[in-house]
Structures are given as C-alpha cells and as structure tokens.
Amino acid sequence: MHEKYDKIGKHYNRTRKADAFILERIFHHLGPKSSGVYLDIGCGTGNYTAGLSEKGLRLVGLDPSRKMLTTAKNAHNNVELMIGRAEKLPLKNNSVDGVVATLTTHHWKDLPGSFLEISRVLKSQRRFVIFTSTPDQMKGYWLNYYFPRMLEESGKMMTEVKRLKDLAETSGFDFVETERYFVRKDLEDMFLYSGKFRQLLYLDEDFRKGISSFSILGCGAEIEDGIRKLADDIETRRIDAVVRDYENDFGDYVFFVAQKRKEAK
C-alpha cells in the first residue's frame, strides 16, 4: 500500500526545512534531558528530527513512507530512522524520554490508538509535544477565499484542542499547556499557511507540491481557478483586503503539550 507522502516525497524537501523558531519552541516544550532517547513520529524527511539532534539529543525518526525515509537517510546521517506508524510503534514499553509530532497527527488513522501507543512507549512524567492546526484555526486562513473546498477537506482532518485533551486524559497523560503559533514573516518551513504574508508562494507549483492539501486533497479545477483568481488579486492588490477580512486571534497553529502521569507503585 502506497503512503500519501510517497506521492510527494520527491518534491517535499525542496520547500520543507526545520524552522528555527518552531524548533526552539518544540525543544522548550519537550523539556529534554540530554541523556534520553526521543521519538519523532511522522518525521518525514527528518528535518525536525535532525534539528533536535543538533541540539544534543538522541533522536529516533519514524515514518510510514519509505520514500520520505530514504530522503531523510540521504540528508541526515546523525539520526536513527525506522518505518512505522503511530498506531503501532515498533518500540518497547517505557523506552523513550519524549515524543514529538510535527504537522502529522491529521494523517494518523487511529488517534485514540496512537495516543495509547505513545503512552506505552513513553517513560513516566515525560512529555508528548504536538505541533498542529485546529479546524477553527484553519477557518481563519485567507486561503479559504480561493480554495474553499480544499480548506474544508483539510479542516475535517484536524483535531480540536478539547479532543486532544480528552485523548490525552484517557491515555494516561496530564494536559500541560497549549501555545498558539502565528505564522511569522521569516518562517523557513513552507507548510500550508506559510504564505500568509507571502502570497506569491502559492503561484509556485513546486511550493504547492510540497503541501499535502494541494497535492493530495485539492480538486484540480478549484486549484486552477483559485490560482488564477489569486494571481489577479495580487496584481491589483485586492489581496490586501482579503487578508484583512481573515485577520483573527485564533492563532494559525498550536503547540499542544501533555505529560505522562507518574505510574503508581
């Protein structure tokens, strides 16, 4: 069975890299101990895996896409990589000191099962950090004006913070905190809403090929029409009014942090 990201693997690393600010916030929320082993689920081409490794941590990157892992292996020789899914982690009980999941939970086929698996492999009182977006946050993207069906389908895949809290609670975690993330003008990782302030990026086919919403979920006709409309609006600067209409305080993405409960003796 071909994984979704096998289809875009050859384009993915042209536009995707670890963003320094996001990497620092993941590291902060993880609260790592340098002697531990840390798991990056849905590591893709290993950009954030390698970034965390460069901060002195021992990383294991896991992904279901062989194409992604091949790219990761060629680009980063300082991390351990393995094929696998969040729903069935190929690791022993209580074997890792922290888990990160960056822009990947919406691809997990069984969220409750995945949370239970993460709880199983994570040591007591260690952290699980998710970087994702919520359905409500995605409704605030100005991209909705140009690609409504694509954004609707993308939003259906996302999980509300309350649901994440409930999953954590029933899987042996205590909720720690959330932190809203607003796309910055110096963002280095070209994910879906990275062009919030750089609308011309969406006119670049290679940029769109590195984003699953465009490469997998998007309807060809809608994307073509949306791109033409966006190009016209950039030319006339009508885009400025569209962007203003979608301004909000929801945050564009969110860091979700949970900690595995202390096990009773």
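**Entry 1. His29 and its partner**

I looked up the side chain of His29 in this predicted model and found a polar contact of 2.8 Å to the side chain of Glu179. His29 belongs to helix H2. Is His29 buried or exposed? I recorded a relative accessible area of 1%, so His29 is buried, the cut-off being under 20%. Setting aside residues up to four places away in sequence, I listed what His29 touches: Arg127, Val129, Glu177, Glu179, Phe255 and Val257. Glu179 also appears in a network of salt bridges, where it is linked with Glu24 and Arg25.

**Entry 2. Salt bridges**

I then turned to charged pairs. Side chains of opposite charge can pair when their charged atoms come close. The count for this model is 18 salt bridges. I examined three of them individually.

I noted that Glu188 and Lys17 form a salt bridge with an N to O distance of 3.7 Å. The two residues lie 171 residues apart and link distant parts of the chain: Glu188 is in the loop between strand S6 (173-181) and helix H9 (205-209), and Lys17 is in the loop between helix H1 (9-15) and helix H2 (20-30). Glu188 is partly exposed at a relative accessible area of 31%, and Lys17 is partly exposed at 42%.

I next took Glu80 and Arg58, whose side chains meet in a salt bridge at 3.9 Å, N to O. This pair also links distant parts of the chain, with Glu80 in strand S3 (residues 80-83) and Arg58 in strand S2 (residues 58-63), 22 residues apart. Glu80 has 38% relative accessibility and therefore counts as partly exposed.

For Glu169 and Arg261 I recorded a salt bridge of 3.1 Å, N to O. Glu169 sits in helix H8 (residues 161-170) and Arg261 in the segment after strand S7 (253-260), so that distant parts of the chain, 92 residues apart, are linked. Both are partly exposed: Glu169 has a relative accessible area of 48%, and Arg261 has one of 28%.

**Entry 3. Helix H11**

I checked the length of helix H11 (residues 220-236). Its 17 residues should span 24 Å at 1.5 Å a residue, and the end C-alpha atoms are 25 Å apart, which agrees.

Which residues of H11 are buried? I found Glu222, Ile223, Gly226, Ile227, Leu230, Asp233 and Ile234. These residues cover an arc of only 135 degrees around the axis, and therefore lie on the same side of H11. An α-helix has 3.6 residues a turn, so residues three or four places apart point the same way. I found the exposed residues Glu235 and Thr236 on the face of H11 turned away from its buried side.

The buried residues of H11 pack against helix H7 (148-157), H9, helix H10 (212-217) and helix H12 (239-245). Just after H11, I noted a positive phi of about 65 degrees at Arg237.

**Entry 4. Helix H5 and Ile118**

I found helix H5 (residues 111-121) mostly covered, with eight of its 11 residues buried. They are Leu111, Gly113, Ser114, Phe115, Glu117, Ile118, Ser119 and Val121. I listed the elements against which the buried residues of H5 pack: strand S1 (37-41), strand S4 (96-102), strand S5 (122-132), H8, S6 and S7. At the start of the helix, a side-chain oxygen of Asp110 comes within 3.0 Å of the backbone nitrogen of Gly113.

I followed Ile118, a residue of H5, further. Ile118 is buried, with a relative accessible area of 0%. Apart from neighbours within four places in sequence, its contacts are Ile41, Leu89, Val99, Trp108, Phe128 and Phe173. I also noted a C-alpha separation of 8.6 Å between Ile118 and Ser171, which are 53 residues apart along the chain.

**Entry 5. Nonpolar cores**

In soluble globular proteins, nonpolar side chains tend to be buried together. I found that the largest nonpolar core here has 45 residues, and that Ile22, Trp142, Leu143, Tyr181, Leu192 and Tyr253 have the most contacts inside it. The elements giving two or more residues to this core are H2, helix H3 (47-53), S5, H7, H11, H12 and S7.

What does Trp142 touch? Not counting residues up to four places away in sequence, I listed Tyr193, Gly195, Lys196, Gln199, Tyr202, Leu230, Ile239, Val242, Val243 and Tyr246. I closed with a second, separate core of 27 residues, which includes Leu62, Val121, Leu122 and Phe173.

Note on methods:
Residues numbered from 1 in each chain as written. Predicted model: local features only at pLDDT ≥ 70, side-chain atom pairs only at ≥ 80, totals over all residues. Heavy atoms only, no water. Salt bridge = Lys/Arg side-chain N within 4 Å of Asp/Glu carboxyl O. Helix = DSSP H or I, 4+ residues; strand = E, 2+ residues; numbered from the N terminus. Buried < 20%, exposed > 50% of the residue type's maximum accessible area, 1.4 Å probe, protein only. Expected span 1.5 Å × (residues − 1). Arc of directions from axis to C-beta. Contact = heavy atoms within 4.5 Å. Polar contact = N/O pair within 3.5 Å; in protein donor to acceptor, adjacent residues only side chain to side chain. Core = buried A, V, L, I, M, F, W, Y, C linked by side-chain atoms within 4.5 Å.
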